[in-house]
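Trainee: I should be grateful for a close look at a single part of this structure. Please concentrate on one strand and its surroundings.

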2 protein chains.
Amino acid sequence: MTRPDHFEIDFEPVGKRVDVPAGSDLLDAARQAGIGLASVCGGEGTCGRCRVVIMNGKVSEPVDADRRFLSQLEINAGHRLACRVHVHSDVKVHVPKASLVTDQRLQVGGLARALTVENTIKACAVETDPPTLRDLRSDLGRVTDAIESAYGLRHLAVEPSVIRQLSPTARTHNWNLTAFIHGREIVGFAAPARRPVGFAVDLGTTKIAGFLVDLETGAELAAGGVMNPQISYGEDVISRLVYAGRGPAAAAEIRGVVIEGLNGLVATLCEQAGIERTEVAEACIVGNTAMHHLLLGLPTQQLSVAPFVAAASDAVDVRARDLGLELAPGAYVHVPPCIGGFVGADHVAMILASDLDKGDRVAVGVDIGTNTEIALCKPGLAYLTSASCASGPAFEGAHIRDGMRAASGAIEAVRITADGPQIKTIGDAPAVGICGSGIVDAIAALHGAGLLNDRGRLQKDAPGLRMGTQGPEYPLALAPNTGTGRDVVITQSDVNEIQLAKGAIQAGLEILLESTGTPAEAVDEMIVAGAFGSFLNLESALDIGLLPRLPRARYAQVGNAAGVGAKALLLSLKERTRAQKIASRTSYIELTTYPGFQKRFALSMWFPAAHRRVREDA
Amino acid sequence: MTRPDHFEIDFEPVGKRVDVPAGSDLLDAARQAGIGLASVCGGEGTCGRCRVVIMNGKVSEPVDADRRFLSQLEINAGHRLACRVHVHSDVKVHVPKASLVTDQRLQVGGLARALTVENTIKACAVETDPPTLRDLRSDLGRVTDAIESAYGLRHLAVEPSVIRQLSPTARTHNWNLTAFIHGREIVGFAAPARRPVGFAVDLGTTKIAGFLVDLETGAELAAGGVMNPQISYGEDVISRLVYAGRGPAAAAEIRGVVIEGLNGLVATLCEQAGIERTEVAEACIVGNTAMHHLLLGLPTQQLSVAPFVAAASDAVDVRARDLGLELAPGAYVHVPPCIGGFVGADHVAMILASDLDKGDRVAVGVDIGTNTEIALCKPGLAYLTSASCASGPAFEGAHIRDGMRAASGAIEAVRITADGPQIKTIGDAPAVGICGSGIVDAIAALHGAGLLNDRGRLQKDAPGLRMGTQGPEYPLALAPNTGTGRDVVITQSDVNEIQLAKGAIQAGLEILLESTGTPAEAVDEMIVAGAFGSFLNLESALDIGLLPRLPRARYAQVGNAAGVGAKALLLSLKERTRAQKIASRTSYIELTTYPGFQKRFALSMWFPAAHRRVREDA
């Protein structure tokens, strides 16, 4: 039964129903129903991803945003942007498959790196006698006495939540237990002879990668990834910060979904590894400054407007329970320090994992994502230098007409031959869209073939190009050979989006090199981290000028270095001290206020002429 | 609108309505409605206090328990015990005033004692500049930098909840603040030039006394008391532990009401003192072992059955927030250690406040309550010795036919003259019942006048006595001069209840003296603490044998010594160390297993013949 002033929204074909107040928009309704409706802009009507079809019911009139993304024919047939539709009656909505958030190919692996274990958590075997009328020590007293006599540990702190676990656990296992000790505190109890397990997390803007490791040996017990469910609040960090800034309820809501995601991930990993969730005695979570603030529930207002100041950036150890994470009752979450701006603990972890702080060579680390962080080290420089580029989510398929994440059916590689385009899709499925590596490939190929000029204009009269509704476009796959029944194309607007993204990164890199007096050719090692960076065709990236043209051997595509760093930080207090040093010794260049940034950014959007000439010569 | 399978219960004359599932009992319904319906037994049908009148609606048939407390006439008129009535339709209920929990005369004062302040909380004045594009330090970073340069304090820990408070507070006060520091941690921020305030609590089984003190000077800013709202779950600790043991929901419920009570109390006191609740930077709460477990949410199962083992008894510092207490966001609650059995931190606080641990004289401290704790110290003994007597709530008016707490209209003093009884009521109001000190007076007078023999039998044919429905009884006040329209009487059963209570205390005291080789007359000081102990007519207490006959000058009625101890512990880390020593150096005698306890208990129920003879001689 629907509450008064509420309407029932029925989402098909998933068959989920939800009651919402009159006037709600359909994107909010879909969030409430737990439907992963794609939304890059977070409901601002600017990305055109949350397309749905109204099957029946009364809704608000189409608006400009609808007309921007939908043809009149589509609008007449009931197509609309969910975020722009307000409901005035019960409504039945069809959600096309293309509007759903798809599972992405997640990069959870990374640098194979020997991890040092420096006991953060100690497991103590406890054996004691049950209470009798002659021995009335408290439950906790008899256990701490046993630990003291076996291990010499005294005055251990214990939280009520852990004592709550002790009394029944001790009786179940007849006073034969394992105690997990963190510093001078007991954080949990388990059955006898159990080992302490840790949970390392790379909390990305788009995806979350998690690892369970044995805290005594460092061995990986399970690994896996999920999408960051905050995506439905906007794909870029600013949209999410703005959402959180709406008020305490919104902040709690957007925090809640990521905690739910983390709880789901750790539950899955524990099942894989055959352990109890209460045996996870510590966690370490790295993320950029925005993810860090949204995770810890820190104020975001001041972070979402200039001068973009963090509420706090030092390392913090916080109870898992306080965050809503269900691990051992007293477990802590270690959140390593952020550097500055949006350069967060994930970049600290990446620097640590790739030894950029050793300063034994000229090296640059680039972690390409919705925000791209870059760090540079150089022998003789006391400090690392870092910068953060607002590259946007174009490399993850957003803002691209047929863009999508790296899921089945995504075009991931493109060549242009005399016979036209040759494409390769993920899983060799019929093409449904194009993912980041495919876009870079396509643009490099279009430019190399002379179909795209150095300034980024598609050459309308060139072979293979055609006029679309919004200017020239280049079809990569034609219906009916596609999985969607629509052509998959590269539009002029797509090229411009990629120019913005690559221009931001290229300008950032150049400024970083310049400000440290480093010519590009002096870079001994160029480390490209992150999921997109791992699947990227390096040659195409050099061709479009995204990365500087250096000998191939100087490049290393290292995968999820931040995840590896998170594991290292989980396992070792020494590495935590090192992270603290990295954070305090890494200077941060605010690019937007760097002299001449705007001009350099504008120039960086061009494609390098050399590349085209090289191909023309060939 | 009532939910399906739910009925609406309308409580009059208060006019509160509540929906409850079909078959619920009315005591539960009243609790849900927030009505303080009296219940001594916690809903077992044995105290007869939760009397209500069914005005309309379908309810279950009267049962034996109803017949035990109500006449057939009353039953016919709809009178019933709320805890025995199950609802089968919407029901309208009248709640007589006499069935409501009344406000008690609360003893919050205590020993006037100079309190030492050893800075547990430090207040730091913070003055810093706002962030600019040239100074991008995090909010927290700039504040900790300012504290470091002004006070030399480094590496202060800060919880996310405190950072959450910082960002808006700093901007409101233009980066001019007060930081409250606990050890090496910032626990809260306030406006400039504010002082840190502490909240000391004596959490009794029946009442809660609270004090706000200035943590820098020790000055008391406000004091007040409320009833412990757990009373509606049973007046004795075992009933409450049993209720909490029903399952996690019940445990959370009974814990929730006391937290709500504490939040209400601190809010009232803060208003009195003109301070913000977020300026309360630390709290200290003392209570017996059961109150301690129910407050901290510790397991109670093992504490409610022999051998009555505590889950934990050491001192613990726990976040106020973790308990649900709304103080400064990072504030801690210090919960001092328990001794053993039900002898808890309140007794430690009492020992500390009365310097019983100094061992410079033979002294006994007795804290009379629902549980009575006794401690003995003696020069030459390395340890204090303590015992806990299950004296029950009879001295607080429970289990006494016309018993009530020390509220307006309670008979608090009784004399018997040739003309019959002379009574004094609290507030000189018409008598509505009799409170603890009145009962002791009445029984001493009856015994002294020969109306009650040494074994505790009312002498049926004696003048002034009459036969009631359940044996001989002595009327103290007759309708229509009473406030209830019913006579106020002392029954044979009342005498027996007092015999049980005073016998338990007397036997405990005797065993404590005997086991330490101390003749009663060797006691230099007899300290009587607690609310009942303060209002008690000492002569009557000696007459009935509740306390040993010592020269009057050796007695000290000290009021709420536990509350004074709680304040001392709030204000000084040295006193906390002393409390730890008291707890670990106080041995605990389990009376129920002491040789010959049962026989001595039986004998202690008698009244001393000497007293009667003294009066007869006079």
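Mentor: Two strands are said to pair if DSSP finds at least two bridges between them. The model is a predicted one, and the part chosen here is strand β1 of chain B, residues 6-12.

Consider first the side chains. In a regular strand they alternate between the two faces of the sheet. In β1(B), B:Phe7, B:Ile9 and B:Phe11 point to one face and are buried. B:His6, B:Glu8, B:Asp10 and B:Glu12 point to the other face and are not buried. In soluble globular proteins, nonpolar side chains tend to be buried together.

Consider next the partners of the strand. One is strand β2 of chain B, residues 16-21, which pairs with β1(B) in the antiparallel sense over 6 bridges. Within this pairing, B:Asp10 stands opposite B:Arg17 of β2(B). The two strands form a hairpin with 3 residues between them, and B:Gly15 has a positive phi near 75 degrees there.

Another partner is strand β5 of chain B, residues 91-94, which runs parallel to β1(B) and is joined to it by 4 bridges. Here B:Glu12 stands opposite B:His94 of β5(B). B:Asp10 and B:Glu12, which face these partner residues, both belong to the set of side chains in β1(B) that are not buried.

As wider context, the largest nonpolar core of the model has 342 residues, and those with the most contacts inside it are A:Ala283 and B:Ala283. In chain A, A:Ala283 touches residues including A:Phe199, A:Leu325 and A:Val333.

Key: Residues are numbered from 1 along each chain as its sequence is written. Chains are lettered from A and ligands numbered from 1 in the order in which they are written. This is a predicted model: local features need pLDDT of at least 70, side-chain atom pairs count only at pLDDT 80 or more; totals for chains, interfaces and linings use all residues. A nonpolar core is a set of buried Ala, Val, Leu, Ile, Met, Phe, Trp, Tyr and Cys residues joined through C-beta atoms within 7 Å. A residue is buried if 20 or more other C-beta atoms lie within 10 Å of its own, exposed if 12 or fewer, and partly exposed in between; C-beta atoms are placed from the backbone. Two residues are in contact if their C-beta atoms, placed from the backbone, lie within 7 Å. Lists of a residue's contacts leave out its neighbours within four places in sequence.
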